[in-house]
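Subject: Structure handover

Hello,

Here is the structure for your files. My notes on its salt bridges and cysteines come after it.

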Amino acid sequence: MTPPPGRWSDLDRPPLNARALRTALVRPGSLWTDLTVVESTGSTNADLAAAAASGDAAPGTVRVAEEQVRGRGRLDRQWSAPARSGLFCSVLLAPGPEVPAERWGWLPLLAGVAAVTALTPVTEVATALKWPNDLLVPVDGEERKLGGILAERVTLADGTPAVVLGMGINVSLRAEELPVPTAGSLLQAGAATTDRDPLLRAVLRSLAEWYGRWTVAGGDASAGGLLPAYAACCATLGRSVRALLPGGAEVRGEAVAVDGTGRLVIADAEGVQRPVDAADIVHLR
C-alpha cells in the first residue's frame, strides 16, 4: 500500500527529530541558543534574516527546514530539492567587535571547512571544497556538487551587525532528482550513512568549534588554523582554472593559494599572480 502524503511518505527520508537535536545542541555554554525545524519554507536565510531584524531571533539561532522551495545560492541563483532529501539550515552569528568587519568574509569559507571536517569522517566520503564555498563529492569518478553556502550580512533589532549563514547539502538526492547533471549527493557517493540527524549534529558542532577558534583569534584565519585547514580541504588549489569575473572578464591559470583575506590567487602562464575575490570558478582538466 502506498503511504499517504506527509512527513513519513518516503521511508528512506524520515523527518528530523527536532527535540533530540535541541537537546544535543542547545545547552549551556554552546554557541547555539535556539533550534527550530519547520516543515517547509521559501528560504531559511530569508526567514532568519527577517527574524533577526524584528528581534525574534538572537545570535546562535538555528533555523532548519525539511523542505526549501526558494533556496538561494551565490549570485542569487535559485534552487530547490525534494522534502527531507538534504540538510537545509541557516544560523545567525554576531562576531562582535573583537573580529574586524573586514575579516567577516571568512565566514562562508569557515562553514565550508566545518562541513568537510564533519561530513568526511561520518560519511566515509572524501568531501572537498571548490573555492570559495561549494562542497564536492566523487560520484562515479567525477566531481559533483554536493551543496553550497551563502552568507548575508544583516542588522539585529538593536543595531548590532550580524551574519546569516546558510547551508544546503544534498543527502539522499537520487539520480532522477538531480537539478543539473553536475550535482550529486551523499547517497550517490556511497556514504556510510544518510541519516540526517547525526549529520546535522556533526556539522553544527564542527561549525561551532571552528567559529570559536576563529573568533578567539580575532578573525585571523592563519592564527586560528582556518587558512591551512581550508587549503587542505580545497580541491581547487593546484588545478588549472578559469575564473569568470563580474562584468564578463575572465582569468585563466593555476590556482596556487588562498590569501589571508580568503581570495583565490591565480598564476597565469607567465607566472604573474592575481588574487580574485568574487568569481565563478571552473575547474579545467
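The notes below take the salt bridges and then the cysteines.

Please keep in mind that this is a predicted model.

Salt bridges

Searching the whole structure gives 12 salt bridges. One of them pairs the side chains of R239 and E143, with an N to O distance of 3.0 Å. R239 sits in the loop between α5 (226-233) and β10 (240-244), while E143 belongs to strand β8 (residues 142-155), so this contact ties together parts of the chain that are 96 residues apart in sequence. Neither end is buried: R239 is partly exposed, at a relative accessible area of 25%, and E143 is also partly exposed, at 38%.

E250 takes part in two of the contacts I looked at. Its side chain meets that of R242 in a salt bridge of 3.8 Å, N to O. With the cut-off for a salt bridge set at within 4 Å, the 3.8 Å pair of E250 and R242 still counts as one. The side chain of E250 also meets that of R252, here at 3.0 Å, N to O. E250 has a relative accessibility of 40%, which makes E250 partly exposed. R252 is partly exposed as well, with a relative accessible area of 47%.

Elsewhere, D12, R13, R174 and E177 are joined into one network by salt bridges that share partners.

Cysteines

How many disulfides does a search of the whole structure find? The number is zero. Two cysteines are worth listing by name, C233 and C234. C233 is in no disulfide, and the cysteine sulfur nearest to it, that of C234, lies 8.6 Å away. For C234 the result reads the other way round: C234 is in no disulfide, and its nearest cysteine sulfur is that of C233, at 8.6 Å. A disulfide needs the two sulfur atoms within 2.5 Å, so a pair at a greater distance is not counted.

Are these two cysteines buried or exposed? C233 is buried, with a relative accessible area of 13%. C234 is buried too, at 7% relative accessibility. Both values fall under the 20% cut-off for buried residues.

Regards

Notes. Residues numbered from 1 in each chain as written. Predicted model: local features only at pLDDT ≥ 70, side-chain atom pairs only at ≥ 80, totals over all residues. Heavy atoms only, no water. Helix = DSSP H or I, 4+ residues; strand = E, 2+ residues; numbered from the N terminus. Buried < 20%, exposed > 50% of the residue type's maximum accessible area, 1.4 Å probe, protein only.
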